[in-house]
Amino acid sequence: MTATDTRHDWTLPEVRKLLSMPFNDLLFRAQTVHRQHFNPNEVQVSTLLSIKTGACPEDCKYCPQSGHYNTGLEKEKLLEMEKVVAEARAARDKGASRFCMGAAWRSPSRKDMPYVLDMIREVKSLGLETCMTLGMLDEDQAHSLSEAGLDYYNHNLDTSEKYYSHIITTRTYQDRLDTLDNVRKAGMKVCCGGIMGMGEDPDDRAGLLVQLANLPRHPESVPVNMLVKVAGTPMEDVEDLDPFDFVRVIAVARIMMPQSHVRLSAGREDMNEQMQALCFLAGANSIFYGEKLLTTANPQADADRELFRRLGIRPEQREQCHSEEAQEEALAEAVEKEQTRHLFYDAAV
Ligand code: SAM
Ligand code: DTB
Ligand code: SF4
């Protein structure tokens with residue numbers, strides 16, 4: 001690894017230039033970087049579950065769960081533990097290695113925290129990596145989640161600082177950055193990315209990438225979502241993004257954050273297989289797996305297994321580790337996984 005691999009001093013003009021390279025040159029460069037850090041035929045697989053749906057006080061213009069818009073969504077209370085555990089077990093048995101739980105909150109309330117902490121412990125005990133996305137966190141909340149064993153916290157910057165106020169007015173970009181800082185300080189891994197196709201201009205995509213790659217540490221996971229246009233949200237009729245521009249964002253994210261997992265996230269239901277294959281070629285190496293994201297549709301698990309088979313892609317079994325301590329931990333996990341190998345079999349065909 002060289003120092004240039006983990007730069008944190010990207011400038012807008014540089015990123016603009018990367019985003020507008022000839023497509024073939026860009027993909028070649030991204031794939032070259034990808035192969036220096038990852039097995040190009042492995043993709044990490046996460047499953048999402050909405051643990052608290054709808055009636056969110058925030059006004060994010062893209063979101064079907066905001067209480068500000070009428071999207072016809074049935075709002076739900078915090079899910080019972082049994083349901084969460086059953087969904088997590090089913091996800092594990094279908095081959096997911098990480099279980100991501102999302103709540104339509106501005107931030108978790110004092111009363112909900114104990115349930116959330118229990119969920120982490122229960123899901124972790126199934127041998128899954130855990131991820132949550134619960135809105136803004138203060139330092140104490142981040143520490144509690146970390147102590148309960150939460151591996152990842154998802155908190156997206158969504159777009160550039162410049163475009164942010166066009167999308168959300170109920171919190172600031174700085175609020176998001178503060179939460180990311182609290183998550184880092186508490187020792188959790190960061191999952192942070194954005195949404196493309198919200199009517200932003202190419203400079204907003206470049207601005208978001210600069211923000212992500214210039215964080216003090218790169219997020220371990222970078223979800224790149226294509227906007228899912230939901231009727232009733234202010235973004236239901238926004239103009240489609242050129243799919244090649246979406247692939248460009250994946251490629252540039254791969255080049256700028258070479259050791260991060262870049263997730264081809266929401267929006268796959270509207271992408272054909274060729275488009276998804278291009279995203280993998282551009283360096284995407286993680287997906288959401290299972291027929292539902294939080295409230296909207298995702299491809300059927302069978303269809304994804306078939307796509308993996310046709311592309312010769314295997315689900316990644318565990319994170320790559322660098323420190324000795326982490327390697328020991330991984331070995332222990334591998335032994336445990338060996339004992340439950342049959343559970344992962346069907347996704348590895
Ligand atoms: N309420 C928490 C928050 O906003 O941080 C957690 C849940 S929120 C639904 C998680 C992320 O989902 C958002 O940051 C956004 O990036 C993504 N998201 C929401 N609606 C989306 C849509 N229609 N299309 C694509 N991504 C979406
Ligand atoms: C992320 O970046 N995308 C996921 C996850 N993190 C939480 C959420 C996508 C949500 C798409 C709209 C929905 O299903 O409600
Ligand atoms: Fe609420 Fe999160 Fe949706 Fe924004 S993105 S409305 S905070 S659930």
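Here are some worked exercises on a predicted model, covering its salt bridges, its two ligands and a few loop residues.

## Exercise 1: Salt bridges

**Task.** Find out which residues are linked with Arg7 in a network of salt bridges, and whether Arg7 is buried or exposed.

**Solution.**

Step 1. Start with the pair Arg7 and Glu14: their side chains form a salt bridge, with N and O 2.9 Å apart. That passes, because the cut-off for such a pair is 4 Å.

Step 2. Now widen the view. Arg7, Asp9 and Glu14 belong to one network of salt bridges.

Step 3. Check the accessibility. Arg7 has 21% relative accessibility, so it counts as partly exposed. Glu14, at 27%, is partly exposed as well.

Step 4. Put the network in context: the whole count for the model is 25 salt bridges.

## Exercise 2: One bridge across the chain, one within a helix

**Task.** Work out where the partners sit in the salt bridges Glu220 to Arg184 and Arg309 to Glu306.

**Solution.**

Step 1. Take Glu220 and Arg184. Their closest N and O atoms are 2.9 Å apart, and the two form a salt bridge.

Step 2. Place both residues. Glu220 is in the loop between helix H8 (202-213) and strand E7 (221-226), while Arg184 belongs to helix H7 (residues 173-185). With their positions 36 residues apart, the pair links distant parts of the chain.

Step 3. Look at how covered Glu220 is. Its relative accessibility is 18%, so it counts as buried; the cut-off for buried is under 20%.

Step 4. Turn to Arg309 and Glu306, whose side chains meet in a salt bridge at 2.8 Å, N to O. Both are in helix H11 (residues 301-311), and because they are three residues apart there, about one helical turn separates them.

Step 5. Finish with accessibility: Arg309 has a relative accessible area of 48% and is partly exposed. Glu306 is partly exposed too, at 36%.

## Exercise 3: What surrounds ligand 1?

**Task.** Say which residues come nearest to ligand 1, and how much of its accessible area the protein covers.

**Solution.**

Step 1. There are 18 residues around ligand 1, and the nearest are Tyr62, Asn156, Asp158, Arg176 and Val228.

Step 2. Go through the backbone contacts. A backbone N or O atom of Tyr62 is 3.0 Å from a nitrogen atom of the ligand. Polar backbone atoms of Ala103 and Trp105 each lie 3.2 Å from a nitrogen atom of ligand 1.

Step 3. Read off the cover. On its own, ligand 1 has 550 Å² of accessible area, and the protein covers 91% of that.

Step 4. Locate the site: ligand 1 sits in the largest cavity.

Step 5. Pick out Asp158 from the nearest residues. Asp158 lies in the loop between strand E4 (152-154) and helix H6 (161-167). At 3% relative accessibility, Asp158 is buried. Its phi is positive, about 70 degrees, although it is not a glycine.

## Exercise 4: What surrounds ligand 2?

**Task.** Identify which side chains and which backbone atom make the contacts of ligand 2 with Asn156, Asn225 and Leu294.

**Solution.**

Step 1. Begin with the neighbours. Of the 14 residues around ligand 2, the nearest are Asn156, Asn225, Leu294, Thr295 and Thr296.

Step 2. Sort the contacts. The side chain of Asn156 has a polar atom 2.8 Å from an oxygen atom of ligand 2. In the side chain of Asn225, an N or O atom is also 2.8 Å from a ligand oxygen. Leu294 uses its backbone instead, with an N or O atom 3.0 Å from an oxygen atom of ligand 2.

Step 3. Add the cover: the protein takes up 88% of the 400 Å² of accessible area that ligand 2 has on its own.

Step 4. Ligand 2, too, sits in the largest cavity. Asn156 is among the nearest residues for ligand 1 and for ligand 2.

## Exercise 5: Two residues in one loop

**Task.** Decide whether Thr53 and Ala55 are buried or partly exposed.

**Solution.**

Step 1. Thr53 is in the loop between strand E1 (42-52) and helix H3 (81-93), and Ala55 lies in the loop between E1 and H3.

Step 2. Thr53 has a relative accessible area of 6%, so it is buried. Its side chain makes a polar contact of 2.7 Å with the side chain of Ser50.

Step 3. Ala55, at 44%, counts as partly exposed. Its phi is near 55 degrees, which is positive in a residue other than glycine.

Notes: Residues are numbered from 1 along each chain as its sequence is written. Chains are lettered from A and ligands numbered from 1 in the order in which they are written. This is a predicted model: local features need pLDDT of at least 70, side-chain atom pairs count only at pLDDT 80 or more; totals for chains, interfaces and linings use all residues. Side-chain values use heavy atoms; hydrogens and water are left out. Buried means under 20% relative accessible area, exposed over 50%, partly exposed in between (1.4 Å probe, protein chains only). Helices (H or I, at least four residues) and strands (E, at least two) are DSSP runs, numbered from the N terminus. A residue is near a molecule or strand if one of its heavy atoms lies within 4 Å of it. A polar contact is a pair of N or O atoms within 3.5 Å; within protein, one must be able to donate a hydrogen and the other to accept it, and residues adjacent in sequence count only if both atoms are side-chain atoms. Accessible areas come from the Shrake-Rupley method with a 1.4 Å probe; for residues, only the protein chains shown count as cover. On a 1 Å grid over the protein atoms alone, a cavity is a set of points where a 1.4 Å probe fits but cannot get out, and a pocket is an open set with protein on both sides within 12 Å along at least five of seven lines; lining residues have an atom within 4 Å of a point. A molecule sits in a cavity or pocket if more than half of its atoms lie within 2 Å of its grid points.
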